[in-house]
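Hello,

Here is the structure I promised to pass on. Please open it alongside this email, and then read my notes below.

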Amino acid sequence: MERLGSSRTISLDVRLIATSNRDIPEEVRAGRFRADLYYRLNVMSLRLPALRERPEDILPLARRAMQACARGGRLVLSLSEEAESKLLRHDWPGNARELTNIVQRAAWLATGGKINAADLDIGAGPAADEPRAVSSDAPAAAADSGLDRDLKERSAS
């Protein structure tokens, strides 16, 4: 590589990790993903099952998320049995990101040394297999929203 404006070449050793939630070989067969790019990227394939397929990872990941909050200056917390049970019953359509966000939110808002089931805000997001409805008049609705209107007023002043 050469830095912009330089004529000196710098050697790099780079590895690229690409991920998808789609079946890329099927996407190639259907013509929705370039075959040449697939073969360039597919040096080694790893399949990591969804979190719902590996429930044994849920509680260790939750504890790791709580430890991350503790490093931010918060009290080290634990999960109540009811909270653990609630975490294990959830389907986790958002995988580890969803789990981490829910546990961190509960850890930051928890009072005392335990996260209880009631502290876990689970199920507020869209299901993974539900298509999101997009209205054809969404831009018009957004333009009339209070936030957008307020931003326009602020920029006009």
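What follows covers confidence, the nonpolar core and the salt bridges.

**Confidence**

Please keep in mind that this is a predicted model. The chain has a mean pLDDT of 81. Of its residues, 78% reach 70 or more.

Where is confidence highest, and where is it lowest? Helix α4, residues 81-89, is at the top with a mean of 96. Helix α6, residues 138-144, is at the bottom with a mean of 43.

One stretch needs care. Over residues 128-145, pLDDT stays under 50. For that stretch the model has seven contacts beyond four places in sequence. Where pLDDT is low, predicted coordinates should not be read in detail.

**Nonpolar core**

The largest nonpolar core holds 21 residues. Which of them have the most contacts inside it? They are Leu79, Leu87, Trp92, Leu99, Val103, Ile115 and Leu120. Helices α3 (58-71), α4 and α5 (95-109) each supply at least two residues of this core. The most come from α3, which gives six.

Val103 is a good residue to click on. Leaving out residues up to four places away in sequence, Val103 touches Ala62, Ala65, Met66, Leu87 and Ile115. Two of these names, Leu87 and Ile115, also appear in the list of residues with the most contacts inside the core.

**Salt bridges**

The count comes to eight salt bridges. Three of them are described here, with accessibility for each partner.

- Asp13 and Arg15: their side chains meet with N to O at 2.6 Å. Asp13 has 65% relative accessibility, so Asp13 counts as exposed, the cut-off being over 50%. Arg15, at 68%, is exposed too.
- Arg34 and Asp36: the closest N and O atoms are 2.8 Å apart. Arg34 is exposed, because its relative accessibility is 54%. Asp36, at 47%, counts as partly exposed.
- Arg54 and Asp57: here the closest N and O atoms are 2.8 Å apart. Why does Arg54 count as buried? Its relative accessibility is 14%, and buried means under 20%. Asp57 is partly exposed, at 26%.

**To start with**

Try Val103 and its contacts, including Met66 and Leu87. Then go to Arg54, the buried partner in the salt bridge with Asp57. Leave residues 128-145 for last, as pLDDT stays under 50 there.

Best wishes

Key:
Residues numbered from 1 in each chain as written. Predicted model: local features only at pLDDT ≥ 70, side-chain atom pairs only at ≥ 80, totals over all residues. Heavy atoms only, no water. pLDDT = per-residue confidence, 0-100. Helix = DSSP H or I, 4+ residues; strand = E, 2+ residues; numbered from the N terminus. Contact = heavy atoms within 4.5 Å. Core = buried A, V, L, I, M, F, W, Y, C linked by side-chain atoms within 4.5 Å. Buried < 20%, exposed > 50% of the residue type's maximum accessible area, 1.4 Å probe, protein only. Salt bridge = Lys/Arg side-chain N within 4 Å of Asp/Glu carboxyl O.
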